[in-house]
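Subject: Structure handover

Hi,

Here is the structure for you to load. My notes come below it.

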Amino acid sequence: MTTPTPVPPARAQHASAQDTRLLEMRGITKLFPGVRALSDVNLTLRAGRVTALIGENGAGKSTLVKTMTGIYRPDGGDIRIDGAPVVFTAPAMAESAGITAIHQETVLFDELSVAENIFAGHAPTTRFGLIDRKAMLARAGALLRTLDAPFGPHTRLKDLSIGQRHLVAVARALSVEARVIIMDEPTAALSQKEADELFAIVERLKAQGRAILFISHKFEEVFRIADDYAVFRDGRSVGAGALADTDQAEIVRLMVGRPVEQTFPKLAVTPGELVLEVEDYAHPTEFDGVSFQLRRGEILGLYGLVGAGRSEFCQSLFGITRPSRGRLRIKGRDTVIRSPGDAIRAGLVYVPEERGRHGAVLAMPIVDNMTLATLPEVSRYGVISRAREFALARRYAERLDLRAASLSQPVGTLSGGNQQKIVISKWLATQPDIIILDEPSKGIDIGSKAAVHGFISELAAQGLAVIMISSELPEILGMSDRVLVMREGRPIHLYDRAGLTAETLVRAATGNTDSHPELAA
Amino acid sequence: MTMLTPNAPFSTGQNRAGQDRAGQNRSGPDRAPSPTPPMRRIPDRTDAPLTALLKSWEALLLLLAAAIFTANSFASPYFLDVWNLSDATFNFTEKAIVALALAFVILAGEIDISVAGIIALSSTLMGATAAAGQPMPVVVGVGLLTGLACGAVNGLLVTGLELPSIVATIGTMSLFRGLAYGILGDGAYTRYPEGFAYFGQGYVWEWLSFEVTVFLGLALLAGFLLHRTSLGRAVRAIGHNPTAAAFSGLKVRRIKFWLFAATGLAAGVASVMLTSRLGSTRPSIATGWELEIVTMVVLGGVAITGGVGTIPGVVLAALVMGLLTFGLGLLNVSGIIMSIVVGVMLIAVIALPVLARKLSNRMRRTTP
């Protein structure tokens with residue numbers, strides 16, 4: 001992280017005030033076939049304090065959350081609430097004990113209203129056992145007001161942005177009188193502004209005496225919002241305490257068990273020949289008038305707020321949607337791409353943002369996923385050669401330092417970072433000239449992140465042209481040769497790396513000068 | 001920071017990661033290798049092949065087939081006669097041929113319940129062609145082409161109009177059989193050209209019937225396609241996650257269209273055999289077969305949600321159902337009781353592994 005981390009003044013005040021242990025987990029062990037996911041893990045959450053849970057992918061954070069919320073039952077250890085031992089055999093029991101999780105990719109019902117989402121499963125009922133719509137709408141409205149939500153309880157969920165959906169999830173947590181709120185990577189899909197709004201809500205929840213478990217890979221956020229920390233590594237607790245007594249370097253050391261370079265490993269590359277020319281690309285609703293050129297070895301950052309049309313634009317380059325206007329030249333040749341198959345043949349590939357939905361077939365083995373875009377290459381006359389397939393998978397698994405029990409393991413059983421390595425491998429196996437990475441480090445831990453960044457940089461050094469969509473300023477600033485900022489579907493400006501600052505980008509992306517208080521200083 | 005470890009085969013010298021990119025041998029960065037501890041080699045598979053086989057659904061079906069076979073041989077002294085066993089196969093081969101194709105459709109996350117309707121329409125048109133005095137090859141050609149065309153209609157409805165396949169094929173199920181009734185009314189076609197009887201009644205060698213031979217050949221073909229080719233892999237990927245499959249460059253619509261067309265063709269093949277075996281066509285021919293065929297596929301371990309399943313499983317399920325109904329027939333059990341038994345067996349076989357898993361989970365939880 002290259003940007004300086006401002007020390008939040010709020011932290012010191014809260015540190016001493018309350019010290020009531022709300023939830024305690026002691027000696028928690030969880031076994032899966034062949035894997036010890038958690039061994040003898042401890043975690044204490046205190047009322048009115050935010051505890052950051054930190055660890056690399058696969059360190060056991062998600063397993064712990066699932067144990068805490070009754071989805072898994074621990075094989076050893078005990079959980080206490082207010083000092084009294086509890087055993088959860090179902091998620092509903094954890095919820096009625098006041099523990100609620102807000103997930104990484106919020107699981108809500110698109111077609112239902114905000115009020116129905118907030119009260120799904122525990123709607124107020126009339127005497128006859130029917131849903132009391134009036135009471136539900138009134139209570140939902142009140143909850144939304146306390147969160148300053150800019151939408152009402154009648155709104156359909158599908159009409160909300162990702163940031164607004166998080167507000168609904170928080171309202172849901174409040175509706176069940178949650179005392180312990182778990183936030184698993186809540187800012188992963190949020191713009192800086194939306195994240196700031198979320199932090200304001202976290203402060204409010206804290207002031208109400210709730211305990212918050214905050215899982216994030218972003219250190220800036222952790223130091224800004226959390227009071228305490230707990231670090232996991234390989235399914236064990238390796239450190240815990242107050243953040244005021246430690247620093248970033250120490251936490252990174254605990255996390256990885258070895259020093260990690262914090263800087264982005266951008267290599268100096270002399271751009272090669274022109275490989276991609278986009279002219280006046282447009283779509284009826286999503287984007288308009290996008291033009292740029294890209295050379296071999298170059299990394300073009302695409303920055304903007306969530307919803308600025310960056311993914312939609314890149315998906316149309318890749319043939320998922322058709323542009324309504326525009327010209328495309330690849331390696332100097334006019335090219336029309338009508339399907340992802342066309343794009344792959346033209347040497348252009350797209351690594352999507354949503355790994356579970358678009359990137360990987362989670363139920364299929366690692367090896368099958370890695371060769372899904374290159375089936376003709378590992379087969380002859382349509383017959384797949386298992387040997388060639390495993391050889392290819394192994395090659396990429398080793399290059400990207402994949403952590404897995406076997407290459408036949410389903411991708412869905414791996415951590416986010418390892419899933420991302422598989423999705424990237426799948427695309428590199430097609431030997432593209434241009435690779436588009438949509439939020440390549442979303443939801444992955446610092447160790448995997450450094451691996452992915454290093455890898456991207458090396459690919460560029462080998463002559464690959466890279467387009468990287470990212471909402472993380474340090475990533476954009478650290479990795480890109482040039483940055484194209486988009487706002488509301490339109491390209492705003494194309495910046496060169498030299499002298500580019502976060503403020504410039506945020507200003508261009510938001511369209512006003514003082515929308516980013518953190519950076520104004 | 002680099003993710004390459006010193007012992008990785010790609011970390012030699014300057015150009016560490018370049019080997020994969022043909023013709024791209026620019027020198028890579030020369031930086032110190034990361035201090036990552038040496039990496040474990042990831043094994044290809046977790047279970048030994050034999051262990052995986054023993055734990056499989058197919059092993060359970062094989063056991064069930066053996067049990068029914070044994071019970072049958074005790075139930076009737078004639079059962080083990082080789083001609084009797086050969087006769088037993090006529091009980092299921094026609095349905096099983098359709099089940100082989102339908103397995104691909106279900107694996108791809110779709111369904112086709114119009115197959116019995118296709119058989120009826122195909123049989124009716126064959127009868128009409130025969131009644132018009134056409135020779136045997138034309139009659140068979142009409143039967144197969146009708147099947148293919150009906151399948152193509154289903155495929156177009158699902159991939160072109162993007163109708164849910166359950167709705168589309170409920171519609172065509174009524175449509176195809178309705179057409180058969182429209183053409184034939186209460187009547188029947190009973191006159192078929194010379195040589196046509198071979199497809200449902202002929203023997204290739206001694207007791208080896210033409211039907212069984214075709215079924216075994218198609219089973220080998222289906223197994224090969226599903227388990228060895230990129231088409232089979234694509235079908236599985238589409239069944240698990242059609243969006244990710246499309247993002248990977250697979251031609252999801254085109255593949256689905258051809259799966260429906262192939263299922264129609266398989267229904268056409270079954271229709272030729274059934275019509276030939278019965279020697280007559282009524283519009284009510286093959287009534288209720290769609291459910292028996294779907295049952296075969298599901299009993300064979302193909303997940304109705306798509307993505308999961310094997311051809312050996314479907315073949316074994318066909319065998320189980322065929323042996324069971326044949327055995328019950330030997331015992332003079334009525335058709336109604338038979339359908340009750342088949343229903344109970346389906347539920348029991350599907351429920352058993354679920355129950356076993358729940359039980360073992362409970363045991364594991366109580367004994368830490």
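The notes below cover a helix pair, one lysine, the cores and the domains.

This is a predicted model, where local features need pLDDT of at least 70, side-chain atom pairs count only at pLDDT 80 or more, and totals for chains, interfaces and linings use all residues. Residues are numbered from 1 along each chain as its sequence is written, chains are lettered from A and ligands numbered from 1 in the order written, and side-chain values use heavy atoms, without hydrogens or water.

Helix pair. In chain B, the axes of helix α6 (residues 136–160) and α12(B) come within 7 Å and cross at roughly 150°. Axes are lines fitted to C-alpha atoms, for helices over the stretch in contact; angles run from 0 to 180 degrees between N-to-C directions. The two helices are therefore roughly antiparallel (over 145 degrees). Contacts (heavy atoms within 4.5 Å) include Gly147(B) and Thr159(B) on α6(B), and Lys256(B) and Gly264(B) on α12(B).

Lysine. Lys256(B) sits in α12 (residues 252–278). Its relative accessible area is 13%, so Lys256(B) is buried (under 20%, 1.4 Å probe, protein chains only). Beyond neighbours within four places in sequence, Lys256(B) contacts Ala108(B), Glu110(B), Thr159(B) and Ile238(B).

Cores. The largest nonpolar core (buried Ala, Val, Leu, Ile, Met, Phe, Trp, Tyr and Cys joined through side-chain atoms within 4.5 Å) has 177 residues. Helix α4 (residues 93–107) of chain B gives the largest share, 12 residues. Another core, apart from it, has 51 residues, including Met183(A).

Domains. The C-alpha centres of domains 1 and 3 of chain A lie 35 Å apart; the bounds come from an automatic or database domain assignment.

Best wishes

Terms used. Helix = DSSP H or I, 4+ residues; strand = E, 2+ residues; numbered from the N terminus. Buried < 20%, exposed > 50% of the residue type's maximum accessible area, 1.4 Å probe, protein only. Parallel < 35°, antiparallel > 145°, perpendicular 65-115°, else oblique.
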